[in-house]
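User: Could you zoom in on one part of this model for me and then work outward from there? I'd like one connected account rather than a list.

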Amino acid sequence: MNKDSQVLSIGVLGCGPIAQFAHFESCIKARNTRLYAICDQAPDLVERMAAVHQPEKTYADFADMLADPQVEAVIIATADQFHVPLSLQALAADKHVFVEKPMGTSVEECEELRRAVADSGCTLQVGHMKRFDPGIAFARQFICEEMGSLLALKAWYCDSTYRYTMTDNLQPLPLRSEAARKPAGDPKGDKRRYFMLTHGSHLIDLARFLGGPLAAVRGRCKEMFEAYSWFVEVEFASGGQGHLDLTVAVRMDYYEGFHIYGEHGSVVGKTYLPWFLKSSDVECFSTRDGQYRRPLGADAHFYRLQLEGFADVVLHGASQMGADVEDGTQTMRAMAAIARSVASGDWVRLEAVTGGV
């Protein structure tokens, strides 16, 4: 594969499933990065991942990897509860940070990280890879350049009971270790919280990416037969309105997409299970010429594309399409606001919300 003349030297923290399925390969395949180092406290995972992906260095301790001057940026691919503390540690070592979503688990810790990024002068990007889906990127460009003012946005993210059957067929068997570091308690035990952080963060970032900043939300949540469904009304800062549907899990195929209605056109999108690495089917209609536009999106390796975008920002000061620390903070605010609204039944403004999900 052809590499740019200048590449970003990356250390990956965490050798768990998301690193195995996405980040190691992306570092190797990206045109402007190299997989320089991997780090995990589980020695068996490090050994096995190093044998497959062949980084130049391996580490058992994050501080040791951060002390390596050859490491220019780190990928934080750990449990959600560790994202902010480890990102703060990396910024303090003057390293650029790519952190998996959700950026944090409370508004307060996200605000702390936002301040640290501003003080550091380093780049931080959050792993909302759907922004690099070619169909979604095309939709955003059309919205910004041709659609005019937003009237309404509807978006849905409906995970399927059959999702793991599909992903097990697509993905290699993940390697696990008893020595892997785990957060305290059982974060996945609170399904309402876990599903919102894991899946809701994607839905909210998509709504913000295509519709702009959110001002207020009013949500309801129904729990039945081990399924969780949120219906959320949205007030956008622009004055447009929205509706978000997060349901985990539907008894049907994976179902994700969006409808957007604007002043000079509309956008309709259907998004596929991410691990198919298939571009969303998107049609944009413009009243200016009475035509529908539909991109091919032949290269839809979102994980590689987002890493290339991150590296271009760090290396060349390119404009950032990826989610930055402000995006991560506002997504956390929206999730916290939805939780408050579900409890109260009232509209909740994002600017006033605190706490977690």
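Analyst: Let's start at helix 4 (residues 83-92), which lies across strand 1 (8-13), strand 4, strand 5 and strand 6. Helix 4 runs at about 165 degrees to strand 5, with axes fitted to C-alpha atoms (for helices over the stretch in contact) and angles going from 0 to 180 degrees between N-to-C directions. Helices (H or I, at least four residues) and strands (E, at least two) are DSSP runs numbered from the N terminus.

A quick word on what you're looking at: the model is predicted, so local features need pLDDT of at least 70 and side-chain atom pairs count only at pLDDT 80 or more, while totals for chains, interfaces and linings use all residues. Residues are numbered from 1 along each chain as its sequence is written, and side-chain values use heavy atoms, without hydrogens or water.

Now the sheet that goes with helix 4. Six strands make it up, in the order 3-2-1-4-5-6, and this open sheet is parallel in its pairing; two strands pair if DSSP finds at least two bridges between them. Strand 3 (57-59) and strand 6 (124-126) are the edges; each has a single partner strand, so one side of each is left without a neighbour in the sheet. From one strand to the next, the twist averages 25 degrees. Zooming in on one pairing, strand 4 (residues 73-76) and strand 5 (residues 96-99) run parallel and are joined by four bridges. If you want a landmark there, take valine 74, whose bridge partner in strand 5 is valine 97.

There's a second open sheet as well. This one has nine strands in the order 14-13-12-11-7-10-9-8-15, and its pairing is mixed. At the edges sit strand 14 (291-293) and strand 15 (348-349), each of which pairs on one side only.

Go to the strand 14 end and step inward. Strand 13 (residues 281-286) and strand 14 run antiparallel, with three bridges between them, and cysteine 284 stands opposite arginine 293 in strand 14. The two strands form a hairpin with four residues between them. In that turn, glycine 290 has a positive phi of about 65 degrees. On its other pairing, strand 13 meets strand 12 (residues 265-271), again antiparallel, through six bridges. Glycine 269 has valine 282 of strand 13 as its bridge partner. Strand 13 also shows two faces: Val282, Cys284 and Ser286 are on the covered one, and Asp281, Glu283 and Phe285 are on the uncovered one.

Further along that sheet, strand 9 (residues 227-236) pairs with strand 10 over eight bridges in the antiparallel sense. Here valine 232 stands opposite leucine 244 in strand 10, and both Val232 and Leu244 help line the largest cavity. A cavity here is a set of points on a 1 Å grid over the protein atoms alone where a 1.4 Å probe fits but cannot get out, and lining residues have an atom within 4 Å of a point. The rest of the lining of the largest cavity is Met196, Gly200, Leu203, Ile204, Leu246 and Ile338. Helix 8 (191-211) and strand 10 (241-250) each supply at least two of these lining residues, and helix 8 gives the largest share, with four.

What about the second largest cavity? Its lining consists of Pro102, Met103, Gly104, Cys110, His128, Ser201, Gly328, Thr331, Met332 and Met335. Helix 10 (residues 325-344) contributes the most here, with four residues.

Threonine 331 is a good place to finish. This threonine belongs to helix 10, and threonine 331 is buried at a relative accessible area of 2%, where buried means under 20%, exposed over 50% and partly exposed in between (1.4 Å probe, protein chains only). Setting aside neighbours within four places in sequence, threonine 331 is in contact (heavy atoms within 4.5 Å) with Ser201, Ile204, Asp205 and Arg208. Ser201 turns up again among the residues lining the second largest cavity, while Ile204 is one of those lining the largest cavity.

Note on methods
On a 1 Å grid over the protein atoms alone, a cavity is a set of points where a 1.4 Å probe fits but cannot get out, and a pocket is an open set with protein on both sides within 12 Å along at least five of seven lines; lining residues have an atom within 4 Å of a point.
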